[in-house]
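Colleague: Got a minute to go through this model with me? I'd like to start with how the helices pack.

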Amino acid sequence: MASRRLEDLDPVLRDLAQRHIQACAKLGIDLLIYCTNRSNAEQAELYTHGRTAPGKIVTYAKPGESKHNISKGVVPMALAYDCVPIRAGKAIWDSDDPEWQIVGREGERLGLSWAGRWVNFREFPHFELKGVDNE
């Protein structure tokens with residue numbers, strides 16, 4: 001199961017994630033970060049979706065290519081996180097909900113890259129550090 005721990009994020013991203021949560025809270029949005037670091041095995045399983053497993057494609061990143069798959073030695077240091085706004089205790093997965101635009105705008109205001117704006121593969125829950133490649 002993928003980590004939800006902010007401690008598994010790169011320290012710079014960890015600070016930005018905390019600030020993202022706080023910025024959304026000031027606007028009345030409860031933001032849940034539900035994925036920080038994930039193992040290569042978890043990434044491999046996600047990569048099968050829409051290919052050899054039923055469902056739609058959920059990632060184009062193979063194991064080791066995802067910014068959720070980064071480690072510095074044995075220490076996880078993910079360069080991305082996935083989040084979802086919560087309303088009345090329930091996750092809002094409908095990307096047409098206006099809260100997603102607020103969540104995206106607040107993340108971008110902090111300098112994060114929001115996959116909700118990507119052209120080829122839009123992924124509303126995904127935020128990552130700008131200009132940092134997997135190493």
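Modeller: Sure. His20, Ala23 and Cys24 in α1 touch Val103, Glu106, Gly107 and Arg109 in α3. Contact here means heavy atoms within 4.5 Å. Helices are DSSP runs of H or I, at least four residues, and strands are runs of E, at least two, numbered from the N terminus.

Colleague: What's the mix of nonpolar, polar and charged residues in the contact of α1 with α3?

Modeller: Three nonpolar, two polar and two charged. Ala, Val, Leu, Ile, Met, Phe, Trp, Tyr, Cys and Pro count as nonpolar, Asp, Glu, Lys and Arg as charged, and the others, Gly among them, as polar.

Colleague: Before we go on, what kind of model is this?

Modeller: This is a predicted model: local features need pLDDT of at least 70, side-chain atom pairs count only at pLDDT 80 or more, and totals for chains, interfaces and linings use all residues. Residues are numbered from 1 along each chain as its sequence is written, and side-chain values use heavy atoms, with hydrogens and water left out.

Colleague: Back to the helices. At roughly what angle do the axes of α1 and α3 cross?

Modeller: Roughly 135 degrees, and the axes come within 9 Å. Helix α1 covers residues 11-26 and helix α3 covers residues 98-109. That makes α1 oblique to α3. Under 35 degrees counts as roughly parallel, over 145 as roughly antiparallel, 65 to 115 as roughly perpendicular, and the rest as oblique. The axes are lines fitted to C-alpha atoms, for helices over the stretch in contact, and angles run from 0 to 180 degrees between N-to-C directions.

Colleague: Gly107 was in that contact list. Is glycine 107 buried or exposed?

Modeller: Buried, with a relative accessible area of 0%. Buried means under 20%, exposed over 50%, partly exposed in between, with a 1.4 Å probe and protein chains only. Leaving out residues up to four places away in sequence, glycine 107 touches His20, Leu112 and Phe127.

Colleague: Phe127 is a ring. How many aromatic pairs are there in the whole structure?

Modeller: Six. Rings of Phe, Tyr and Trp (its six-membered ring) pair if their centres lie within 6.5 Å; planes under 30 degrees apart are stacked, over 60 edge-to-face, the rest tilted. Tyrosine 81 and phenylalanine 127 are stacked, 5.8 Å centre to centre with 20 degrees between the planes. Tyrosine 81 sits in strand β4 (residues 80-87) and phenylalanine 127 in strand β7 (residues 126-129), 46 residues apart. Both are buried.

Colleague: And how do tryptophan 114 and phenylalanine 124 pair?

Modeller: Their ring centres are 5.4 Å apart and their planes at 85 degrees, so that pair is edge-to-face. Tryptophan 114 is in strand β6 (residues 112-114), while phenylalanine 124 is in the loop between β6 and β7. Tryptophan 114 and phenylalanine 124 are buried too. Ring pairs link Tyr81, Trp100, Trp114, Phe124 and Phe127 into a cluster.

Colleague: New topic. Which residues does glutamate 99 touch?

Modeller: Ile29, Pro85, Arg87 and Ile92, not counting residues up to four places away in sequence. Glutamate 99 is in helix α3. This residue is buried, at 15% relative accessible area.

Colleague: Last one. What's phi for alanine 88?

Modeller: Near 50 degrees, a positive value in a residue other than glycine. Alanine 88 is in the loop between β4 and β5 (90-91). At 79% relative accessibility, alanine 88 counts as exposed.
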